[in-house]
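I opened this notebook to record what I looked up in the structure. The entries begin with one residue and then turn to the chain as a whole.

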Amino acid sequence: MLLIFGLSVFFRTVGQGDFHCPNCGGDRHYRQRVARRWFTLFFLPVIPLNHVGEVVECGTCRSRFNLDVLRLPTAQQMAAALPMAMRAAAGAVLVAGDPADPAARVRAVEAVRGYGMADFDDEALTAALEEGPDGTDEVIVQAGAQLTTEAREWFLAQVVRIALADGAIGAGERQALHTVAGRLGMTPAHAVGVITTTEGAARE
C-alpha cells in the first residue's frame with residue numbers, strides 16, 4: 001500500500017471584523033487567522049505541529065497582512081475622530097482662556113461644525129467643557145496620525161482663531177495651543193510658526 005504523507009500549513013479563523021485594507025484601499029471585512037503546520041497523511045491533517053504565525057486576511061481581495069494592519073483606523077473611524085479631536089482641542093483652549101466669552105464660544109462651535117459635527121451647538125459645548133479633559137489627548141493624537149502636514153497646520157490654525165476670538169492670546173492659551181500641536185505630532189518650532197502666522201493674519 002502506497003502511503004502519501006508530508007507537511008502542510010492550515011489556517012484557522014480566530015476573529016473577524018472590519019479594517020482598512022491597504023491593498024483594496026477601503027474599509028473591508030477581515031478574518032484573523034492562525035497558521036499551524038500539520039503532518040498530513042493522504043493530504044489530510046493528522047498530527048498538529050508548530051504554530052507558523054497569525055495573519056489578517058481581507059475578505060474581498062484575500063490579501064494577507066501582519067496583525068499591525070489592524071492598528072490603522074478605518075475610514076469610518078477617521079471621519080469620527082476629526083470632529084471629536086476639534087471638540088477636545090477647542091475645549092482645552094477655551095478652558096485655558098475665558099470659557100464664558102461669547103465670541104470665543106461662537107468660534108469654537110463653528111470650528112467643531114466645520115469638521116463634520118453639524119449638530120454641535122453652544123449647549124453641546126457647555127456639556128463638553130463640563131466633561132473635562134479625560135481622554136482628550138488620545139483623540140487628538142489619533143486625529144493627528146491621520147492628517148498630512150498641511151492638514152495639521154490648518155487644524156491648529158482653527159484652534160488659534162478660537163484663542164484669538166476674545167483678544168490677544170494669553171499665556172495659558174498659548175500653552176494649551178502648544179499642547180494641542182504636540183498631540184497632533186507637530187514640533188515646537190512648527191507650532192510657533194503656525195501660531196505666529198495665524199496671529200499676524202488676524203491683525204491685518
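**Entry 1: Ile169.** I located Ile169 in the loop that links α5 (149-164) with α6 (171-184). The model is a predicted one, and I read each entry with that in mind.

I then asked whether Ile169 is buried or exposed. Its relative accessible area is 10%, and the cut-off for buried is under 20%, so I entered Ile169 as buried.

**Entry 2: surroundings of Ile169.** Which residues touch Ile169, once neighbours within four places in sequence are set aside? I listed Val160, Ala163, Leu164, Arg174, Leu177, Ile195 and Glu199. For one of these partners, Glu199, I also looked up the separation: Glu199 and Ile169 are 30 residues apart in sequence, and their C-alpha atoms are 8.6 Å apart in space.

**Entry 3: the fold.** I found four strands and seven helices in the protein chain. Their order along the sequence reads β-β-β-β-α-α-α-α-α-α-α. The radius of gyration is 25 Å, well over the 17 Å that the globule rule gives for 204 residues, so the protein chain is more spread out than a compact globule. I noted a C-alpha trace spanning about 90 × 35 × 25 Å along the principal axes.

**Entry 4: burial, contacts and surface.** Of the 204 residues, 34% are buried. Taking contacts between residues at least 6 apart in sequence, I noted that 63% join residues at least 24 apart. The accessible surface of the protein chain is about 11500 Å², with 56% belonging to carbon and sulfur atoms.

**Entry 5: charge.** I recorded 23 negative and 18 positive side chains, with the centres of the two sets 15 Å apart.

Definitions and conventions. Residues are numbered from 1 along each chain as its sequence is written. This is a predicted model: local features need pLDDT of at least 70, side-chain atom pairs count only at pLDDT 80 or more; totals for chains, interfaces and linings use all residues. Side-chain values use heavy atoms; hydrogens and water are left out. Helices (H or I, at least four residues) and strands (E, at least two) are DSSP runs, numbered from the N terminus. The radius of gyration is taken over C-alpha atoms; the globule rule is 2.2 Å times the number of residues to the power 0.38. Buried means under 20% relative accessible area, exposed over 50%, partly exposed in between (1.4 Å probe, protein chains only). Contact means heavy atoms within 4.5 Å. Accessible areas come from the Shrake-Rupley method with a 1.4 Å probe; for residues, only the protein chains shown count as cover. Lys and Arg count as positive and Asp and Glu as negative; His and the chain ends are not counted. The place of a charge is taken as NZ of Lys, CZ of Arg, CG of Asp or CD of Glu.
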